[in-house]
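Colleague: I'd like to learn how to read the packing in a model like this one. Could you walk me through it?

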Amino acid sequence: MTALYPWLAPSWALLGQRIQARNLPHGLLFTGPEGLGKQHLAEYLAQALVCQQRDAAHQPCQRCQDCLWFGAQTHPDINHIQTAEDKTQISVEQIRGLMHFISLKGSRSNTRVALIHVADQLNSAAANALLKTLEEPPPGAHLLLISAHPARLPATLRSRCQLIKVGLPPTPLALSWLHAQNAALHSAVLESALVLAHGAPLKALQLAQQHQDHDKTWSEEIAQLLRLTNNEQSPMELARHWQSKAPGDVIQRLYLLTADIIRHKLMLTPAYLAQAERAGSLQSLANRLDLDKTFYFQDQLLEGQRASSTALNVHMLFEDLLIRFNACRTS
Ligand SMILES: [Zn+2]
């Protein structure tokens, strides 16, 4: 397993103290926004609990037999529970299997760790079954629940777990980590991606990589937007083309695209754009748009991003956005 993300160090310090004092609660609930590494922290703890040679900060050694098994996902005393691929909920049968696993003595030591991924997907029977285990956990058993939406869990379950909240890292720390991940990613892209990801570094890294990879979807959408600003296609027609796309994804791409357009207009064209095939079409788009209006459109995109998860009519949402985009043209 990779080293702990730097912004998780304060959370780890607290967990390490609990391990040191031998008073780590049996039930822990890891919460926080998506893209911050809640799962990474929970898995790091699971590894530390089975590791036979933890360091002074109680971090796993990465070398012992237990750590090697953990890395290969074959450790006999660690059990992962998650929603099956063809299902939308974690079933009571899965939790019964987990209870059986927890009731056995560990094969290496007395430690058994169960990780429950996306715990808000437990159905009510499964949550009830889990509650019993949380009330009277067998010695050496640890239940690590992970959820970005803890309010969706039954209050009875939440109240039997110690909450471990993973918070947003300071922007400079997030940016320096992002730079270290991929030197080819331009800082201008990383900064925009971090805004778009609301400060969550893992999400920002994913967005920045997709953006810079310059995939086919991107090229198509830029060409379509060019036709729109040329009056060769109406917002309504283009919205119809787009209606099978996920609104959140389109808005993210539009945000990073407008960030590029703004940099073009400010003559801050980053090197990655000068080399990219799309530089020519981006330049044409940038020439057609007004700087102030494009800045304003970016703010509207962030608002649109919030609304996109609840949008009932995707066609209308896209048409509205495309009308606004078209209104950015220089008059
Ligand atoms: Zn180890």
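**Helices on a sheet, helices on helices**

Modeller: Start with a helix on the sheet: helix H2 (residues 38–50) lies across S1, S2, S3 and strand S4 (141–146), and runs at about 170 degrees to S4. H4 packs on the sheet too, touching S2, S3 and S4, and its direction makes about 160 degrees with that of S3. Keep in mind that this is a predicted model.

Colleague: And the sheet itself? In what order do the five strands come?

Modeller: The general idea is that strands of a sheet pair through backbone hydrogen bonds, either parallel or antiparallel. In this case the sheet is open, its order is S2-S3-S4-S1-S5, and the pairing is parallel.

Colleague: Which strands stand at the edges?

Modeller: S2 and strand S5 (162–165) do; each has a single partner strand, so one side of each is left without a neighbour in the sheet. On average, and ignoring direction, neighbouring strands of this sheet are turned by 20 degrees against each other.

Colleague: Let's take those edges one at a time. How many bridges join strand S1 (residues 27–31) to S5?

Modeller: Four, and S1 and S5 run parallel. If you want a register point to click on, Leu-28 has Gln-162 in S5 as its bridge partner.

Colleague: What about S2 and S3, in which sense do they pair?

Modeller: Strand S2 (residues 78–81) pairs with strand S3 (residues 112–116) in the parallel sense, over four bridges. Here the register point is Ile-78, which stands opposite Val-113 in S3. To get from S2 to S3, the chain goes through helix H4 (residues 92–103), and this β-α-β crossover is right-handed.

Colleague: Now helix against helix. What do I look at there?

Modeller: Two packed helices are described by the angle between their axes and the distance between the axes. Try helix H8 (residues 187–196) on helix H12 (residues 247–265): the angle is about 140 degrees and the axes are 10 Å apart. That makes H8 oblique to H12.

Colleague: Which hand does the crossing of H8 and H12 have, right or left?

Modeller: H8 passes H12 in a right-handed crossing. From H8, the contact uses Ala-188, Val-189, Ser-192, Ala-193 and Leu-196; from H12 come Gln-252, Tyr-255, Leu-256, Ala-259 and Arg-263. Sorted by class, the contact of H8 with H12 has seven nonpolar, two polar and one charged residues.

Colleague: What else does H8 pack against?

Modeller: Helix H7 (residues 171–181), at an angle of about 130 degrees and with the axes 10 Å apart. H7 and H8 are therefore oblique to each other, and their crossing is right-handed. H7 brings Thr-171, Ala-174, Leu-175, Leu-178 and His-179 to the contact, while H8 brings Ser-187, Leu-190, Glu-191 and Leu-194. The contact of H7 with H8 divides into five nonpolar, three polar and one charged residues.

Colleague: One last pair: at what angle do helix H10 (residues 216–229) and helix H14 (residues 279–288) pack?

Modeller: About 30 degrees, with the axes of H10 and H14 10 Å apart. The crossing of H10 and H14 is left-handed. On the H10 side you'll find Ile-222, Ala-223, Leu-225, Leu-226 and Thr-229, and on the H14 side Ser-281, Leu-282, Ser-284, Leu-285 and Arg-288. By class, the contact of H10 with H14 has six nonpolar, three polar and one charged residues.

Key. Residues are numbered from 1 along each chain as its sequence is written. This is a predicted model: local features need pLDDT of at least 70, side-chain atom pairs count only at pLDDT 80 or more; totals for chains, interfaces and linings use all residues. Two strands pair if DSSP finds at least two bridges between them. Helices (H or I, at least four residues) and strands (E, at least two) are DSSP runs, numbered from the N terminus. A crossover is right-handed if, with the strands pointing away from the viewer, the path from the first strand over the helix to the second runs clockwise. Axes are lines fitted to C-alpha atoms, for helices over the stretch in contact, and angles run from 0 to 180 degrees between N-to-C directions. Angles under 35 degrees count as roughly parallel, over 145 as roughly antiparallel, 65 to 115 as roughly perpendicular and the rest as oblique. A crossing is left-handed if the near helix is turned anticlockwise from the far one by less than a right angle, and right-handed if clockwise. Two residues are in contact if their C-beta atoms, placed from the backbone, lie within 7 Å. Ala, Val, Leu, Ile, Met, Phe, Trp, Tyr, Cys and Pro count as nonpolar, Asp, Glu, Lys and Arg as charged, and the others, Gly among them, as polar.
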